[in-house]
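Before turning to individual strands, it helps to look at the chain as a whole. The paragraphs below move from the overall picture to one small group of paired strands.

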Amino acid sequence: MCSWTRVNHPDYLTEPGLMLIYIFPDFPTSGLSDSILITIFAPMSDKKVRVRFAPSPTGGLHLGGVRTALFNYLFAKKHGGDFILRIEDTDQNRYVEGAEAYIIDCLNWCGIIPDESPVTPGQYAPYRQSERKSIYREYAERLVMQGHAYYAFDTAEELDKNRKEIPNFQYGQVYRDGLRNSLSLPQHEVDQLLASHTPHVIRIKIPPDETISFTDMIRGRVSFETNQVDDKVLLKADGMPTYHLAVVVDDYLMKISHVFRGEEWLPSAPVHLLLWDYLGWKADMPKWAHLPLILRPDGHGKLSKRDGARLGFPVYALDWFDQKTGELTPGFRELGFLPEAFINLLATLGWNDGTDQEIFTMDELIGKFSIDRISKAGAKFDFEKARWFNAEWIKKVKGKRLKVEVRKLLEDKGITIKNDTYLLTVIELVKDRCTLLPDFYRQACYFFESPAEYDLDAVKPKWTDGKTAFFNAIIEILKTTQTIEAAELENTFKTLAEEKGLKTGDVMLPFRIMLVGGKFGPHVFDIAALLGKDETINRIEKALIAFNN
């Protein structure tokens, strides 16, 4: 006899599902228990997965932010849910013109396309918090009426004075009774201040001597002591909400089911937990996952923009130009990274699928992504590994995928592309030798224009009249052919070298330098075959002049 028991408990569920416990009451247990429990998860259909990426438009988008967006996106798509972009622009002092458009450009480049956003709004619009300003005061005032929040009339100067005079000053249960707020002032004075529109904020009233806990999908049980939490501002004097109030209200109204955010937000968790409780929404609170930090290459501290500048690599997805300072911060795209490689890199910073696989398409990431494979520990950023990912992706994709980028790169350098078919052939021939997209110029330019200079130091010290005679003979042989076939030319080359008493290697390097200018490029006979008979002859003749001067 056996039975199924359904458990739908937030402490045991991470990904959407219900827990089924299969009970075998008669299984021999050696005194451990009266039954054996086998648990499996089955899809839960009563609540749709809805996740959000909620950046502030205050500057460039750090790769850690893009990873947060990616993990949200992968989770949503794996579970048939929605990925929402919400712009948290409540801090108008830090708002930067153009930053929102930049964020959207970053997501589009990465292929992380929101289902709902300020650009593609859904039923929960608007998706900019500044456009939702009228919503938040109602909830802040409700908290005041319930005794969970209060008005604070302290001026900025008064608060600065307290910070200077009181070590480690925090506006909270220790000092609030001595400050100017609706908890310390007589009611008639509070009423007068409000009636006269005295500038004020609304702060949450953190209760004393409580332990607040929640189950993080990555970290397990996390607890906080309320005596260590200050009374955060919920509504500012200008009527705009702070992050703390807005994120809770918006997550509730937009029916967010799961939240992925960086571990730097963990200290804010007790305030948010209390707000979900005080507003009566505790049963609807999303599951939280606080992602590990992306660390400096040495593992000491969070990777910052300054670290990138100091160590010579980007930390932003795209170039970011700060209009206020005139500073340009480089991005992965402009350095020559493919979005497929960038996403692949980010996915493996703190997550793996449990195998040795390292190269993943977006579809593979969606299929394999699971919360239980996200590490609690921070992930070190390795720029050389990032370059490796890009080289592997350049090898992996078809030439057609690279055509637009390579064409623009070559044309920007003054090279005219007359034939797309020829361009695609060149890309396929050289792409295995490229790590970043700009490498295509050095590896491909000689297919479109003759070398302007030669690596003479690699040729002239060992140059002889015999080698000149050898290449003049090659010219005469080529003149008698219709086209160049790589394998046929290679055989002719080796046979002639042997007839003239030369080692093949002694004439191979000069031949390469004649065609491309240096010691690089794919198989030299493949180069000659693609250049064609006439161009190969011209380049040999031109180089012989330089080699013999």
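What share of the contacts in the protein with a separation of 6 or more is accounted for by residues 24 or more positions apart? In this predicted model, such residues account for 70% of those contacts, in a protein that has 20 helices and 16 strands.

The overall dimensions can be set beside this. For a compact globule of 549 residues one would expect a radius of gyration near 24 Å, whereas the protein has 33 Å. Taken along the principal axes, the box that the C-alpha atoms fill is roughly 105 × 75 × 45 Å. Of the 549 residues, 49% are buried, and the accessible surface comes to about 26,800 Å², with 50% of that area belonging to carbon and sulfur atoms. As for charge, the protein carries 68 positive and 77 negative charges, and the mean positions of these two sets are 2 Å apart.

A closer view can begin with strand 7, which covers residues 201–204. From this strand Val201 and Arg203 point one way while Ile202 and Ile204 point the other way, and all of these residues, the arginine included, are buried.

Strand 7 also has pairing partners. Strand 6, residues 149–152, runs antiparallel to strand 7 and is joined to it by four bridges, with Ala152 standing opposite Val201. Strand 10, residues 233–235, likewise pairs with strand 7 in the antiparallel sense, here over two bridges, and in this pairing Val233 of strand 10 stands opposite Arg203.

Notes: Residues are numbered from 1 along each chain as its sequence is written. This is a predicted model: local features need pLDDT of at least 70, side-chain atom pairs count only at pLDDT 80 or more; totals for chains, interfaces and linings use all residues. Side-chain values use heavy atoms; hydrogens and water are left out. The radius of gyration is taken over C-alpha atoms; the globule rule is 2.2 Å times the number of residues to the power 0.38. Buried means under 20% relative accessible area, exposed over 50%, partly exposed in between (1.4 Å probe, protein chains only). Contact means heavy atoms within 4.5 Å. Accessible areas come from the Shrake-Rupley method with a 1.4 Å probe; for residues, only the protein chains shown count as cover. Lys and Arg count as positive and Asp and Glu as negative; His and the chain ends are not counted. The place of a charge is taken as NZ of Lys, CZ of Arg, CG of Asp or CD of Glu. Two strands pair if DSSP finds at least two bridges between them.
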